Amino acid sequence: MSVNSELRAAREAIVREHMESENRHEFDVTLGTFEHPRYEIMATGDVYDGAEAVSRYFEESRTAFPDQRNELVALHHADDAVIAEFLLKGTHEGPLRGIPATGKSFTVPATAFFVFEGADLVCERVYTDMLSILVQLGIIPIQGLSG
């Protein structure tokens, strides 16, 4: 299916609002950008399906990283998705899956596929380098690299 310019613009507006509302921690707005909320975090294999599960993801991730945010680098369009390249940033100030806060920050490049069915957002599939995050937080020491 070829995506016309009107649909492309509508999808891009949804993705921008989605990402900006996450940065503002207005998660009710973020949830509202979905037809059916679903996050797939590829680095961990976690899938959060439905509003309750996605809300739990926001709670867990923002407890560990209260300043978690994204800095948009570029948007790309596909027939059934908008692909966002961004910098993912945060400071480890709360527990993360049983790991106590380190107080250290991270910045990593990331990509998210915002998957659409027509004009409806149905999934955000996030790809990021978890090893780089863990090294920057000082959780995994690698000789020759400082975190």
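Modeller: Before we start, buried means under 20% relative accessible area. And keep in mind that this is a predicted model.

Colleague: Got it. What share of the 147 residues in the protein chain is buried?

Modeller: We apply that cut-off, under 20% relative accessible area, to the residues. Across the 147 residues of the protein chain, the buried share comes to 39%.

Colleague: In what order do the elements of the protein chain run from the N terminus?

Modeller: There are four helices and six strands to place. Starting at the N terminus, the order is α-α-β-β-α-β-β-β-β-α.

Colleague: Why does the radius of gyration of the protein chain agree with a compact globule?

Modeller: The C-alpha atoms fill a box of roughly 50 × 30 × 25 Å along the principal axes. For 147 residues, a compact globule would have a radius of gyration near 15 Å. The protein chain agrees with that, because its own value is 16 Å.

Colleague: Among contacts with a separation of 6 or more, what percentage comes from residues 24 or more positions apart?

Modeller: A contact here means heavy atoms within 4.5 Å. Take the contacts in the protein chain with a separation of 6 or more, then pick out those between residues 24 or more positions apart: they account for 51%.

Colleague: Let's talk charges. How far apart do the centres of the positive and negative side chains lie?

Modeller: The protein chain carries 12 positive and 24 negative side chains. Each set has its own centre, and the two centres lie 5 Å apart.

Colleague: How many salt bridges does a search of the whole structure find?

Modeller: Side chains of opposite charge can pair when their charged atoms come close. Some of the pairing goes beyond twosomes here, with Arg38, Glu40, Asp49 and Arg125 linked in a network of salt bridges. Searching the whole structure gives a total of ten.

Colleague: Which residue forms a salt bridge with Arg16?

Modeller: Look in helix α1 (residues 5-23), four residues away from Arg16, which means a separation of about one helical turn. Arg16 is partly exposed at 36% relative accessible area, and its partner is partly exposed at 23%. The closest N and O atoms of the pair are 3.1 Å apart, and the partner is Glu12.

Colleague: How far apart are the closest N and O atoms in the salt bridge of Arg24 with Glu26?

Modeller: Arg24 is partly exposed, at 37% relative accessible area. Glu26 is partly exposed too, at 32%. Their closest N and O atoms are 2.9 Å apart.

Colleague: And which residue does Arg69 pair with in a salt bridge?

Modeller: Arg69 counts as partly exposed, with 35% relative accessibility. The partner is partly exposed at 27%. With closest N and O atoms 3.4 Å apart, that partner is Asp67.

Colleague: Is Thr33 buried or exposed?

Modeller: Thr33 sits in the loop between α2 (27-32) and β1 (38-41). Leaving out residues up to four places away in sequence, Thr33 touches Ile14, Glu17, His18 and Leu121. Its relative accessible area is 11%, so Thr33 is buried.

Colleague: How far apart in space are Glu52 and His18, C-alpha to C-alpha?

Modeller: Glu52 lies in helix α3 (residues 51-64) and is exposed, with a relative accessible area of 69%. Glu52 and His18 are 34 residues apart in sequence. In space, C-alpha to C-alpha, they are 17 Å apart.

Note on methods:
Residues numbered from 1 in each chain as written. Predicted model: local features only at pLDDT ≥ 70, side-chain atom pairs only at ≥ 80, totals over all residues. Heavy atoms only, no water. Helix = DSSP H or I, 4+ residues; strand = E, 2+ residues; numbered from the N terminus. Rg over C-alpha atoms; globule rule 2.2 N^0.38 Å. Buried < 20%, exposed > 50% of the residue type's maximum accessible area, 1.4 Å probe, protein only. Lys, Arg positive; Asp, Glu negative; His and termini not counted. Charge placed at Lys NZ, Arg CZ, Asp CG, Glu CD. Salt bridge = Lys/Arg side-chain N within 4 Å of Asp/Glu carboxyl O.
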